[in-house]
Amino acid sequence: MRSNDVLGFIFAGTLDDKIPELAASRTTASIPVGGKYRVIDFALSNMSNAGINNVGIIAKSNFLSLTDHVGSGSAYDLSKRRSSLTLLTPYGGKSFGSYVETIYNMHGYLENCREEYVLLSPGNVITNFDYTDLFDFHSKNGADITVVYKNGVVPAGYDRPLTVDVDETGKVEQIFVKPSATDEVVNHVLGTILLKKSLLMEEIRKALSLNQLDFKRLLQDMIGKYKVYGFENTGYTAAISSINSYFNFNMDLMKKEVRDELFNPKHPIFTKVRDDAPSKYGLNSSVKNCIIAQGCVIDGEVENCVISKGVYVGEGAKLSNCIIMQDTKIGKNTNLNYVIIDKDVVIKDDRSLMGFDSYPIYIAKKSVV
Amino acid sequence: MQMFPKQEVVAMLLAGGQGSRLGVLTKKLAKPAVPFGGKYRIIDFPLSNCVNSGIEAVGILTQYQPLILNEYIGNGQPWDLDGMHSGVNCLSPYQAIQGADWYSGTANAIYQNINYIERYDPDYVVILSGDHIYKMDYNKMLEYHKEKNAACTIAVIDVPLSEASRFGILNTYEDGEIYEFDEKPEHPKSTNASMGIYIFSWKELRKYLTEDAELEGSSHDFGKDVLPAMLNAGERMFAYPFEGYWKDVGTIDSLWEANMDLLDPKVTLDLKDIYSRNPMMPPHYVSPNANIQNSLIADGCEVEGNLEFSILFSGVTVGKGATVNSSIIMPGAVIEDGATVQFAIVAENTVVGKNAKVGQRPEEVEDRDNWGIAVIGENTKIADGAFIKAKEMIDSETEVSAK
């Protein structure tokens, strides 16, 4: 299987109901992370790095920030004569309530693309994953369907997590839909699935005709009927599925091993660039254990924070354990601890805001405090 | 035939010079491609000025070591110069029916590209050079040019009288009309220094370029031949006074100073609306042990040491206990644990080994004449514990061992 025979298909809104604050005016896929990225940059870069040429992104609502961010796809090298990035949005009053209906309603796009295979991908997962390994595994085993799984505790926010039992060859013996997430270590599937487009469409049509709209059930029914394999992603993976997992992922970036793995120069993560100057540190600044993007002016004291592009931190400000999104202004002599601050916020001089480790507080986009 | 829409103004950027005074920094690249200010190259300034002034056709004259410059300019997209029938083009010397010639002088470089200019049928041509750091609206200068009904307008900046003898000085009447060029005068009559930015009415320029090309003994240079010829012929030539930050970065000292100016709150140059090609790197990381004061840091850096009055380009590593002071560290360079770099320029991908010492503070040197900025060329390895004196220049792609 050649990578250019695989169509990428990303669901931008995955679990957006679990992160109502950050996804209030955007899709999960376009939530800003890590100082200069959006969640979808990881999925798109992985696809582009693997040699996938065409990617469709399903966005049911709130897609303005997503459109603005991914643009034509040129930042990911997905806008050339033989490659494209297509934003797929609801049309014609059709229902996009379930995965099954959504995929069916996009059959025109799916069938028009010349690729034989389709790689379904969630819009909330951050990982640097070489898909060519998955493609090789799929071909070598002569699989009909390969699901990517992760071994570990199911992240908070997954209500009916999908888990798999695999034998030593990687063959999936059973697929479970757990009633709820527990502390158990299990092989859970976050939504990355590779299969032939024709097989997907056949099964989707069948499910619809039986009024069976549950995609997880559809996967379960495939066991025994098709050769279903599981491929383990052993690399660092973060699923943005709650405000806490969002906070924890950003804080994970302070770990060198996480940065080295996610930002491997051999498989770079691409994003829309902005012409920001290098960040400027003032004479009385103090910065410890922080991720800082370009275009910032730091005059205060910052510790354990992720600071996005174009942020201003005034003199005498004390920030710890915060995530500050782009172009926010933090006034002088402010004191912030465990705060997630969205874009374009102004925190006026002398303000104090305190959250807690397990409960970071969130300040909405364009607020003035 | 493909039709090019008329452009009122075409800019021609002279980028072919070697810039030999920058030593090892221009061994493998032309001066305009020298990195500046933490993420830029010098040429980003005139190019961004062009775009911000609404100039949509820019020819870049390349000759000396053009590979990196060509690659950097690419299709011109970062500067919005990738239009369908306009944009940026790198123009190198070429072979023609009548033979092949290198660009023998600045005027000759333009003369050999008359075809390029004429495609756009321009009324005016702006001639720029690629070795100055400044922000300027060329439109205002063009307004002035039109208002004065000039054949040629030269931008000038007021320099201190004590420094005037280092520049080309333009002596003018009260209304700004130039009556004399005074190249590096011993006793300057005025303080109007030429900034190397010219606007010509294209018809006049073409006439003088053609005449100059046929003139035997001419060095085909704007400053030495074409401008004096125009003045002698009685053309209307005016000086356009510019106010703002402007710095020639043709020497190691001035390049270092211009970089340091970015850290000086009193300097008016800001980097807003200067465009560049952006490397794909994550935001930079500052460790719990780091200490950073008054510095500029680009994406992809990892800082564990001490940083003062310094500029880190993308992907630079400063190890534990290392100190970087008053220095410029270019992309991908590594300053290993315990090393000290001060008053130095370290070029791309060079490694300064553990506990090595590069450069010296002025007070560490007895004779002030022996003090200067230390420079290390690209892809060089300075061994652990080695010492590089002030003002020393280490060649690129070498290894320096400890004594």
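User: Before we start, what is a polar contact within protein?

Analyst: Happy to help! Picture two atoms, each N or O, where one must be able to donate a hydrogen and the other to accept it. To count as a polar contact, the pair has to lie within 3.5 Å.

User: How many residue pairs are in polar contact across the interface of chain B and chain A?

Analyst: Keep in mind that this is a predicted model. Both residues of a pair must be at pLDDT 80 or more. With that rule, the number of pairs across the interface of the two chains is 20.

User: How do the residues on the side of chain B that touches chain A divide into nonpolar, polar and charged?

Analyst: Good one to follow with! On that side of chain B, three residues are charged and nine are polar. The nonpolar residues there number 21.

User: What is the N to O distance in the salt bridge of B:Glu302 and A:Arg259?

Analyst: Chain B and chain A have two salt bridges between them. In this one, the side chains of B:Glu302 and A:Arg259 meet. A salt bridge needs the atoms within 4 Å, and the distance here is 2.7 Å.

User: Which residue of β16(B) is the bridge partner of A:Ile292?

Analyst: Let's look at the strands. Strand β16 of chain A, residues 290-292, runs antiparallel to β16(B), and three bridges join them. The partner of A:Ile292 is B:His284.

User: About how much area do chain B and chain A bury between them?

Analyst: The contact involves 33 residues of chain B and 32 of chain A. Carbon and sulfur atoms carry 50% of the buried area, which is about 2600 Å².

Definitions and conventions: Residues are numbered from 1 along each chain as its sequence is written. Chains are lettered from A and ligands numbered from 1 in the order in which they are written. This is a predicted model: local features need pLDDT of at least 70, side-chain atom pairs count only at pLDDT 80 or more; totals for chains, interfaces and linings use all residues. Side-chain values use heavy atoms; hydrogens and water are left out. Contact means heavy atoms within 4.5 Å. Buried area is the accessible area (1.4 Å probe) that two parts lose on being put together, summed over both. A polar contact is a pair of N or O atoms within 3.5 Å; within protein, one must be able to donate a hydrogen and the other to accept it, and residues adjacent in sequence count only if both atoms are side-chain atoms. Ala, Val, Leu, Ile, Met, Phe, Trp, Tyr, Cys and Pro count as nonpolar, Asp, Glu, Lys and Arg as charged, and the others, Gly among them, as polar. Two strands pair if DSSP finds at least two bridges between them. Helices (H or I, at least four residues) and strands (E, at least two) are DSSP runs, numbered from the N terminus.
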